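Hi everyone, thanks for coming. I'd like to walk you through one model today, so please have a look at the screen.

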Amino acid sequence: MTTLRLSEHPNHIDQLRLGDGRTLTVRLVAPDDGEALQRYFRKLSMVSRHNRFLGAMSELPARELDRFVHAGENDRFSVIAVMMIEGHEIIVGEARYGFEAANASFEFGISIDDRWQGQGIGTALLRNLECRAAALGATTIFGDTLRSNTAMIALARRLGFTFGRHPDDWKLVRFEKPIDPVHQEIPCASWKLVAERRMAAIM
């Protein structure tokens with residue numbers, strides 16, 4: 001199966017359509033997004049920040065923010081979900097993910113701005129992550145969350161994830177899902193590139 005190498009992971013921009021017709025743009029975080037991303041995290045409610053980072057945190061420490069804005073280092077990537085509001089780009093969600101080639105697994109963490117929750121953004125972003133996982137050659141996608149994070153658990157359950165114990169921390173639950181390497185639909189730019197390579201190889 002043709003897959004996308006991490007070293008070739010381009011700065012894809014995906015335009016996703018929400019249920020109400022609005023457009024959600026998902027793209028890799030760039031170094032000049034640091035200030036906007038930090039503002040996003042500061043505006044999250046205390047509960048949302050706690051759920052995202054599995055502990056108390058008012059903002060990203062400088063070292064962690066640097067990791068977020070330098071996509072590809074140590075095979076870790078960060079994306080932001082943005083919408084255009086009155087001519088301005090607003091971050092409404094974010095995710096960070098990594099691919100482990102040794103066991104073909106794709107791990108992620110995700111958050112949605114409290115003001116934008118319940119509008120289908122989490123569903124669209126997580127499906128986009130599934131597509132990115134498939135493009136990289138993952139056979140499993142998984143995440144960890146606090147047992148008290150009912151919103152994340154409900155979202156994962158709706159999208160077909162199964163739940164189990166976290167191997168190291170009883171306060172966490174792990175949710176995972178197998179990745180189908182052959183998609184009938186192509187919902188992200190990463191998968192489109194893989195599909196084009198596959199077709200070129202056939203021809």
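Let's begin with a question: how many bridges join strand E5 to strand E6, and do the two run parallel or antiparallel? There are 3 bridges between E5, residues 105-112, and E6, residues 140-146, and the two strands run parallel. If you want to find the spot on your screen, go to Ser 105, whose bridge partner in E6 is Thr 140. Before I go on, please keep in mind that this is a predicted model.

Now let's step back to the sheet. It is an open sheet of 8 strands, and reading across you meet them in the order E1-E2-E3-E4-E5-E6-E8-E7. Notice that E8 comes before E7 in that order. The pairing is mixed. At the edges sit E1, residues 13-17, and E7, residues 162-165, each of which pairs on one side only. On average, neighbouring strands here are turned by 30° against each other, ignoring direction.

As you trace the strands, a handy reminder: side chains in a regular strand alternate between the two faces of the sheet.

Next, the hairpins. E3, residues 76-85, and E4, residues 88-100, run antiparallel and are joined by 10 bridges. One pair to look for is Val 79 with its partner Ala 95 in E4. The hairpin has 2 residues between the strands, and Glu 86 takes a positive phi near 50° there.

On we go to E4 and E5, which also pair in the antiparallel sense, over 8 bridges. Here Glu 94 stands opposite Ser 111 of E5. This hairpin has 4 residues between its strands, and Ala 104 has a positive phi near 55°.

Finally, the helices. Two packed helices are described by the angle between their axes and the distance between the axes. For H1, residues 34-43, and H3, residues 62-69, the axes come within 10 Å and cross at roughly 120°. Angles of 65 to 115 degrees would count as roughly perpendicular and those over 145 as roughly antiparallel, so H1 is oblique to H3. The crossing of H1 and H3 is right-handed.

Which residues make the contact? From H1 we have Gly 34, Leu 37, Gln 38 and Phe 41, and from H3 Leu 65, Phe 68 and Val 69. Sorted by class, the contact of H1 with H3 has 5 nonpolar residues, 2 polar ones and no charged ones.

That's my tour, and I'm happy to go back to any part of it.

Technical notes. Residues are numbered from 1 along each chain as its sequence is written. This is a predicted model: local features need pLDDT of at least 70, side-chain atom pairs count only at pLDDT 80 or more; totals for chains, interfaces and linings use all residues. Side-chain values use heavy atoms; hydrogens and water are left out. Axes are lines fitted to C-alpha atoms, for helices over the stretch in contact, and angles run from 0 to 180 degrees between N-to-C directions. Angles under 35 degrees count as roughly parallel, over 145 as roughly antiparallel, 65 to 115 as roughly perpendicular and the rest as oblique. A crossing is left-handed if the near helix is turned anticlockwise from the far one by less than a right angle, and right-handed if clockwise. Contact means heavy atoms within 4.5 Å. Ala, Val, Leu, Ile, Met, Phe, Trp, Tyr, Cys and Pro count as nonpolar, Asp, Glu, Lys and Arg as charged, and the others, Gly among them, as polar. Two strands pair if DSSP finds at least two bridges between them.
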